[in-house]
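Me: I have a model open and want the reasoning behind some of the labels attached to parts of it. Please go through them one at a time.

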Amino acid sequence: MFEPNSWTQRAVFFVCITLFGGGLQSSPLTAEELRIDAAHKAMPGLLSALQDQQTASIRAWQQAEEFASLQQQVLLSGDQLWQAAKHQVTAGSLDDRALYWARLSLSRYLRQQDLGFPLTDNQRLALIESLEHSSRGRLDLAYEKSTKKKILITGFDPFLLDTNIRQSNPSGVLALSLDGAVIEHNGVRAEINAMTFPVRYADFDAGEVESALAPYYASNSVHMVITMSMGRTEFDLEHFPGRRRSASAPDNLNILAGGSETQPIIPRLGEAALQGPEFVQFSLPYAAMQQATGKYPINDRHLVTTLEGTFDAKSLDQLRWATAVRGGGGGYLSNEISYRSIRLRNKLGSTIPTGHLHTPRMPDFDKAMLEAIVAQVERMLRLSLSEI
């Protein structure tokens, strides 16, 4: 279910923020791309896993004779990279990292290498944005399997890579594992589609979440939207996401949010501050999801932090006059994707159940742990089918 023209609109916006205050203008390579050599040293086998796909992409790009055909080829290459990564994950690797590093390697190539004819800086940035879009599953969102229900899930890239270059993200693994899967419960079948998001404040400020999800909320065309990220020690369903950023951790471009526990800041949507209440409430069928058996407890988490204190909120009314510091999902982009998706749903008058799931935190890459996480999340989704 590809939303027409959304990638081109986002590419133009991304170019604008890059030229007039974004994160790319200060260096020929981004902080993410500068980590590639260290990743190759730490994980040589992993980074060669999608090498054939990268080589084929570059060969195809070099055959393009003008920008329009090159951009279409880059879009196709990104989708092929997503499909290849999905195949590896469902074949048993359960590893999202090969896709992440292959995408960065190709974006570095687009940023720096001769592609056979002159390209402006703006054109190179548009090509990189096209690669970003298609290699995150955005061209692979058609529901084609004639099921009664449709579910959309999202995951994130690995993050905090300067601390641990080997880091994986269970939410990215879930997206690759479950994209296109069909599940069933009590005779009700559902098809799952998935996409991933970058761990970058600038992309969120540019409206990436809103542009990706608005078509679904505007048309009520799916039956549940679940955003996912890596969290704490157990599964947490985040009841009350908050509006503001307060995390001290940088994003993957080593950009700080600028907020703190005492002075949380409001994110942006384009040129303006993100409008909305301090807290919103999720609408997932949490009671059914909590029945999914597995290795980890599943919590309906009500804990929030406001300037007035930290407490278990009993209702949204209780938070109406509070100032958000940390929502249920914290003060980082995990909380923010949840807030933005629910805010958008409410603004567009959608009835789609929406909310955020934090997976248990994985300190590196642990295949056995990922197997347990994927199996339990699939059970959560199956048990939700009778409630959506």
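Reply: This is a predicted model. A place to begin is strand S2 (residues 182-185), where the side chains alternate. Ile183 and His185 point to one face and are buried, while Val182 and Glu184 point to the other and are not.

Me: What makes Ile183 and His185 count as buried?
Reply: Buried means under 20% relative accessible area. Ile183 and His185 are buried, so each of them is under that cut-off. Val182 and Glu184 are not buried, so neither is under 20%.

Me: How do you know that S2 and strand S3 are paired?
Reply: Pairing needs at least two bridges between the strands. Four bridges join S2 to S3 (residues 188-197), so the condition is met. The two strands run antiparallel, and Glu184 stands opposite Arg189 in S3. S2 and S3 form a hairpin with two residues between them. In the turn, Asn186 has a positive phi of about 50°.

Me: Why is helix H8 called mostly covered?
Reply: The cut-off for a buried residue is under 20% relative accessible area. In H8 (residues 170-178), nine of its nine residues are buried, so the label applies. Among them are Pro170, Val173, Leu174 and Leu178. Just after H8, Gly180 takes a positive phi of about 85°.

Me: Why is Ser146 called exposed?
Reply: Its relative accessibility is 73%, and exposed means over 50%, so Ser146 counts as exposed. Ser146 lies in the loop between helix H7 (121-134) and strand S1 (149-156). Ser146 also has a positive phi of about 55°, although it is not a glycine.

Me: Why is Asn254 called partly exposed?
Reply: The relative accessibility of Asn254 is 40%, and partly exposed covers what is neither under 20% nor over 50%, so Asn254 counts as partly exposed. Asn254 sits in the loop between strand S5 (235-238) and strand S6 (268-269). Like a residue named above, Asn254 is not a glycine yet has a positive phi, here of about 60°.

Me: How do you know that strand S9 pairs with strand S10 and with strand S11?
Reply: At least two bridges are needed for each pair. S9 (residues 303-306) and S10 (residues 309-312) pair in the antiparallel sense over four bridges. Two bridges join S9 to S11 (residues 324-326), also antiparallel. Both counts reach the cut-off, so both are pairs. Thr306 stands opposite Gly309 in S10, and Thr305 stands opposite Arg326 in S11. S9 and S10 form a hairpin with two residues between them.

Me: How do you know that the radius of gyration of the chain agrees with a compact globule?
Reply: For 388 residues, a compact globule would have a radius of gyration near 21 Å. The chain has 20 Å, which agrees. Along its principal axes the C-alpha trace spans about 60 × 50 × 40 Å.

Me: What makes up the chain, and what share of its residues is buried?
Reply: There are 13 helices and twelve strands. Buried residues make up 59% of the 388 residues. Of the contacts with a separation of 6 or more, 79% are between residues 24 or more positions apart.

Me: What supplies the exposed area, and where do the charges lie on average?
Reply: The chain exposes about 15,100 Å², and carbon and sulfur atoms supply 51% of it. The mean positions of the 37 positive and 42 negative charges are 3 Å apart.

Conventions
Residues numbered from 1 in each chain as written. Predicted model: local features only at pLDDT ≥ 70, side-chain atom pairs only at ≥ 80, totals over all residues. Heavy atoms only, no water. Rg over C-alpha atoms; globule rule 2.2 N^0.38 Å. Buried < 20%, exposed > 50% of the residue type's maximum accessible area, 1.4 Å probe, protein only. Contact = heavy atoms within 4.5 Å. Areas by Shrake-Rupley, 256 points an atom, 1.4 Å probe, with all protein chains shown as cover. Lys, Arg positive; Asp, Glu negative; His and termini not counted. Charge placed at Lys NZ, Arg CZ, Asp CG, Glu CD.
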